[in-house]
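This report goes through selected local features of one protein model, grouped by the parts to which they belong. Please keep the sequence and the structure in view while reading.

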Amino acid sequence: MSKWKERRGHPYPQVVRISDPAEIEVALDSLEAEGIWLTVIDTAATNNALAVLAIARADLCLIPVRPSVADIEAAIPTLIAIRRLNRRFAFVLNQAPPRAAA
């Protein structure tokens with residue numbers, strides 16, 4: 001995301017890169033103080049401290065998956081964290097093969 005922002009060369013949307021879980025609260029509070037009302041947090045598909053903090057602060061968690069058993073299974077640790085924190089979620093199906101009408 002940060003590389004996309006660099007190539008874009010436009011001030012909006014803002015991109016804030018976070019690597020330390022301790023920085024997420026400060027960054028979100030700062031963005032809110034600036035009047036930003038929508039924040040998208042893109043995390044790796046892992047069950048690490050940063051992802052768990054992002055899930056805890058989320059109003060809605062979107063889980064991108066391909067239509068494959070392997071992708072659904074890979075999402076299980078994320079889904080467990082989402083359920084444990086009682087957050088709303090939805091799967092976003094991507095890279096689905098097109099089907100022609102018969």
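Where is Leu38 found? Leu38 sits in the loop between helix 2 and helix 3, in a model that is predicted.

## The loop between helix 2 and helix 3

With a relative accessibility of 57%, Leu38 counts as exposed, and together with Trp37 and Val40 it makes a nonpolar surface patch of about 450 Å².

## Salt bridges between helix 2 and helix 3

The model has four salt bridges, counted wherever a side-chain nitrogen of Lys or Arg comes within 4 Å of a carboxyl oxygen of Asp or Glu. As a general point, side chains of opposite charge can pair when their charged atoms come close. One of the bridges is formed by Glu25 and Arg57, whose closest N and O atoms are 2.5 Å apart. Glu25 belongs to helix 2 (residues 23-33) and Arg57 to helix 3 (residues 49-57), so this pair ties together parts that are 32 residues apart in sequence. Both partners are partly exposed: the relative accessible area is 31% for Glu25 and 32% for Arg57.

Arg57 also takes part in a salt bridge with Asp29, at an N to O distance of 3.9 Å. Because Asp29 lies in helix 2 and Arg57 in helix 3, the pair ties together parts that are 28 residues apart in sequence. Asp29, with a relative accessible area of 43%, is again partly exposed.

## Asp71 and Arg66

A further salt bridge links Asp71 with Arg66, the closest N and O atoms being 3.4 Å apart. Asp71 is placed in helix 4 (residues 69-74). The two partners differ in their burial class, since Asp71 is buried with a relative accessible area of 19%, while Arg66 is partly exposed at 40%. The salt bridges that share partners, for their part, join Glu25, Asp29 and Arg57 into one network.

Why does Asp71 count as buried? The relative accessibility of Asp71 is 19%, and the class of buried residues takes in values under 20%. When residues up to four places away in sequence are not counted, Asp71 touches Val65 and Arg66, so that Arg66 is both a contact of Asp71 and its partner in the salt bridge.

## The buried sides of helix 3 and helix 5

Which residues of helix 3 are buried? They are Leu50, Ala51, Ala54 and Ile55, and because these residues cover an arc of only 135° around the axis, they lie on the same side of helix 3. Their cover includes helix 2, strand 1 (61-65) and helix 5 (76-84). At the start of helix 3, a side-chain oxygen of Asn48 reaches to within 3.2 Å of the backbone nitrogen of Leu50, and Leu50 is itself one of the buried residues of this helix.

In helix 5, the buried residues are Thr78, Ala81 and Ile82; the arc that they cover around the axis is only 100°, which puts them on the same side of helix 5. The cover over these buried residues includes helix 3, strand 1 and strand 2 (89-93). Helix 5 thus appears in the cover of the buried residues of helix 3, and helix 3 in turn appears in the cover of those of helix 5. On the face of helix 5 turned away from its buried side are the exposed residues Arg83 and Arg84.

## Backbone features

What joins Tyr12 and Pro13? The two residues are joined by a cis peptide bond, with omega at about -5°, and Pro13 has its place in the loop between helix 1 (2-8) and helix 2.

Two residues that are not glycines have a positive phi of about 55°, namely Asn86 and Gln95. Asn86 comes just after helix 5, in the loop between helix 5 and strand 2, and with a relative accessibility of 66% it counts as exposed. Gln95 is placed in the segment after strand 2 and, at 59% relative accessibility, likewise counts as exposed.

Methods
Residues numbered from 1 in each chain as written. Predicted model: local features only at pLDDT ≥ 70, side-chain atom pairs only at ≥ 80, totals over all residues. Heavy atoms only, no water. Helix = DSSP H or I, 4+ residues; strand = E, 2+ residues; numbered from the N terminus. Buried < 20%, exposed > 50% of the residue type's maximum accessible area, 1.4 Å probe, protein only. Arc of directions from axis to C-beta. Contact = heavy atoms within 4.5 Å. Polar contact = N/O pair within 3.5 Å; in protein donor to acceptor, adjacent residues only side chain to side chain. Patch = residues over 30% accessible without salt bridge, like charges linked within 9 Å, V, L, I, M, F, W, Y side chains within 5 Å. Areas by Shrake-Rupley, 256 points an atom, 1.4 Å probe, with all protein chains shown as cover.
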